[in-house]
Amino acid sequence: MIKFKCARCGAVIKAADGAIGKNVKCPSCQLKLTVPRPKARKPLPPLKPVLMVTAGVVVFLFVGWLVWPSPEVTRTQKQKDGVSERDRERLERQEFEAGLKREREALLREESMRRKDVEVYERRQAEDFRKAEEARRKEEERNQQRFELEEKLRREREEIEKRKDKNLYVD
Ligand SMILES: [Zn+2]
């Protein structure tokens with residue numbers, strides 16, 4: 001079934017499919033007409049520009065939301081905001097334990113440095129002691145030598161005195 005309008009009176013005329021291309025008369029005004037071939041279905045009218053821009057923005061935002069890599073901070077924040085109470089407590093405990101670990105490492109570093117200082121100090125003291133001991137030993141040696149020398153001189157003087165006495169008596 002084909003519907004078309006009369007060109008003159010505008011009456012809507014119905015015709016069978018087989019009548020396409022045939023000459024007929026308008027039943028209303030008797031105008032001679034050719035039954036037209038039915039028009040192809042109209043394509044959709046193009047979207048209005050505003051609508052297109054809006055659709056484009058929506059698509060852009062959606063795709064962006066899908067592919068945008070969420071940064072670490074945002075994810076951590078999301079974890080804090082979105083996860084359950086238990087997960088939040090777990091995160092807090094982890095942060096607390098990490099803090100303790102850092103503190104402990106700092107203490108160990110300090111302790112290690114202190115121990116090294118002590119080692120250096122003790123080594124220096126031992127070295128000083130060794131030097132003092134050596135100086136003392138040398139001083140003792142010198143004293144001993146001086147003492148021996150004085151002793152020798154004393155004996156020689158005595159010998160001389162004795163000889164003087166003998167001489168006196170001999171003569
Ligand atoms: Zn007509």
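This passage goes through the fold, the hairpin, one loop residue and one helix of a predicted model.

Overall, the protein has three helices and four strands. Their order along the sequence is easy to remember: β-β-β-β-α-α-α, with the strands ahead of the helices. As for packing, buried residues account for 0% of the 171 residues in the protein. Among contacts between residues at least 6 apart in sequence, 14% link residues at least 24 apart.

At the start of the pattern, strands β1 (residues 2–5) and β2 (residues 12–15) run antiparallel and are joined by four bridges. Lys 5 sits opposite Val 12 of β2. The β1–β2 hairpin has six residues between its strands, and Gly 10 there adopts a positive phi, near 80 degrees.

A positive phi turns up again at Gln 30, this time in a residue other than glycine, with a value near 70 degrees. Most residues other than glycine have a negative phi. Gln 30 belongs to the loop that runs between β3 (23–25) and β4 (32–34). Is this residue buried or exposed? Gln 30 counts as exposed because it has 11 C-beta neighbours inside 10 Å, and the cut-off for an exposed residue is 12 or fewer.

On the helical side, α1 covers residues 49–67, which makes 19 residues. From first C-alpha to last, α1 reaches 27 Å, close to the 27 Å expected at 1.5 Å a residue. Helix α1 is also hardly covered, with a count of zero buried residues among its 19.

Key. Residues numbered from 1 in each chain as written. Predicted model: local features only at pLDDT ≥ 70, side-chain atom pairs only at ≥ 80, totals over all residues. Helix = DSSP H or I, 4+ residues; strand = E, 2+ residues; numbered from the N terminus. Expected span 1.5 Å × (residues − 1). Buried ≥ 20, exposed ≤ 12 C-beta atoms within 10 Å, placed from the backbone. Pairing = 2+ DSSP bridges. Contact = placed C-beta atoms within 7 Å.
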